[in-house]
Amino acid sequence: MDALYMLIPIAIGVMIVIVIAFIYTVKSGQYDDLEGPAHRILMDDDDPRIPHQPTKPQPTNPLDKGQA
């Protein structure tokens with residue numbers, strides 16, 4: 001019985017620490033994006049995510065538009 005007088009406050013203290021740690025992780029955004037890292041593993045890093053369109057050089061002089 002004497003052991004319960006020591007174990008119950010220790011258990012309550014550990015529970016309070018765990019709840020505070022959980023609240024801190026939720027507020028810091030730890031659980032905001034759970035699927036992003038899983039999808040990022042499947043993406044191929046060699047392929048660009050946004051295809052780049054070839055661009056024409058812009059004329060510096062407005063009179064050069066027809067000469068290019």
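Here are a few questions and answers about this predicted model.

Reader: How many helices and how many strands does the chain have?
Author: Let's start with the strands, since that count is quick: it's zero. The rest of the tally is helices, and the chain has two. So the answer, going by runs of at least four residues for a helix and at least two for a strand, is two helices and zero strands.

Reader: What share of the 68 residues is buried?
Author: To count as buried, a residue needs a relative accessible area under 20%. The chain's accessible surface comes to about 7100 Å², with 64% of it belonging to carbon and sulfur atoms. Of the 68 residues, the buried share is 3%.

Reader: How far does helix H1 reach from its first C-alpha to its last?
Author: H1 covers residues 2–27, which makes 26 residues. At 1.5 Å a residue you'd expect 38 Å, and the model comes close to that. The span is 39 Å.

Reader: Which residue after H1 has a positive phi?
Author: Look just past the helix, where phi sits near 90°. The residue there is Gly-29.

Reader: Is the pair of Phe-22 and Tyr-31 stacked, edge-to-face or tilted?
Author: There's one aromatic pair in the count. Its ring centres, in Phe-22 and Tyr-31, are 6.0 Å apart, with 35° between the planes. Stacked needs under 30 degrees and edge-to-face needs over 60, so this pair is tilted.

Reader: Which backbone oxygen does the side chain of Thr-25 reach?
Author: Thr-25 lies in helix H1, and it touches Gln-30 and Tyr-31, leaving aside residues up to four places away in sequence. Its side chain comes to 2.8 Å from a backbone oxygen, and that oxygen belongs to Phe-22.

Conventions:
Residues numbered from 1 in each chain as written. Predicted model: local features only at pLDDT ≥ 70, side-chain atom pairs only at ≥ 80, totals over all residues. Heavy atoms only, no water. Buried < 20%, exposed > 50% of the residue type's maximum accessible area, 1.4 Å probe, protein only. Areas by Shrake-Rupley, 256 points an atom, 1.4 Å probe, with all protein chains shown as cover. Expected span 1.5 Å × (residues − 1). Phe/Tyr/Trp six-rings, centres within 6.5 Å; stacked < 30°, edge-to-face > 60°. Polar contact = N/O pair within 3.5 Å; in protein donor to acceptor, adjacent residues only side chain to side chain. Contact = heavy atoms within 4.5 Å.
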